[in-house]
Amino acid sequence: VYAHQLMSYDSATVPDFVEIAGDFVIVGGRDTPILRILAREDHSESTIFRYDMEYLHDEARLRQDGQRALLFSYWGFRLYDGEGLLLCEKEIPEADRVYDQQYSSVSGNLAVLYPDAVRIYSGQDGGLIYEETGLQSVFYAAYGISVLTQTGIVQLIDIDTAEPIAEAQTS
């Protein structure tokens, strides 16, 4: 059973009793004729999505359309639908080598960057949609992920489509 503090207040008098009934609380004391009546407020209509609060993560992101939410860290991620249903849970391979992660709020895709590799996971179902290993260089740029292959080809990979959008041969 978990309890979360919803509010606190300072009072000049110490309450002698607290009575809880349904959504109401009465707080009173023998040193004052004042009773404090508190009503629980429910803001469930403003909930964006629900998830397991015990899942450890470093970041949480919501796709622009509100239909997917991603909780992630360098070690793994969980993908939820708009109703809070867990769609996918993955461990990220070679997590100790990850040096950056980039999330796209447009597609919901997650790019995982290593010194010599990049993996892009789908923001729709969590599946691996792009993987390139054995690279000379990988870094995130304003318009995508820049990779330099062993053969000297520089590519800019679009995080949303997982496709090259530009390519050039180095000299």
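In this predicted model, four strands form an open sheet in the order β4-β5-β6-β7, and their pairing is antiparallel. The edges of the sheet are β4, which spans residues 59-62, and β7, which spans residues 86-91. Each of these two strands has a pairing partner on one side only. On average, neighbouring strands of the sheet are turned by 15 degrees against each other, direction ignored. Strands of a sheet are held in register through backbone hydrogen bonds, in either a parallel or an antiparallel arrangement.

At the β4 edge, the partner strand is β5, made up of residues 68-72. The two strands run antiparallel and are joined by four bridges. Within this pairing, Leu 62 of the edge strand β4 (59-62) lies opposite Ala 69 in β5.

Strands β1, β2 and β3 are also linked by antiparallel pairing, β1 with β2 and β2 with β3. Strand β1 covers residues 17-21 and strand β2 covers residues 24-28, with five bridges between them. Ala 21 stands opposite Phe 24 in β2. The two strands form a hairpin with two residues between them. In this hairpin, Gly 22 adopts a positive phi near 60 degrees.

Strand β2 is further joined to β3, which comprises residues 36-39, by four bridges, and this pair likewise runs antiparallel. Here Val 25 is placed opposite Leu 38 in β3. Strand β2 thus contributes Phe 24 to the pairing with Ala 21 and Val 25 to the pairing with Leu 38.

Definitions and conventions: Residues numbered from 1 in each chain as written. Predicted model: local features only at pLDDT ≥ 70, side-chain atom pairs only at ≥ 80, totals over all residues. Heavy atoms only, no water. Pairing = 2+ DSSP bridges. Axes fitted to C-alpha atoms, helices over the stretch in contact; angles between N-to-C directions.
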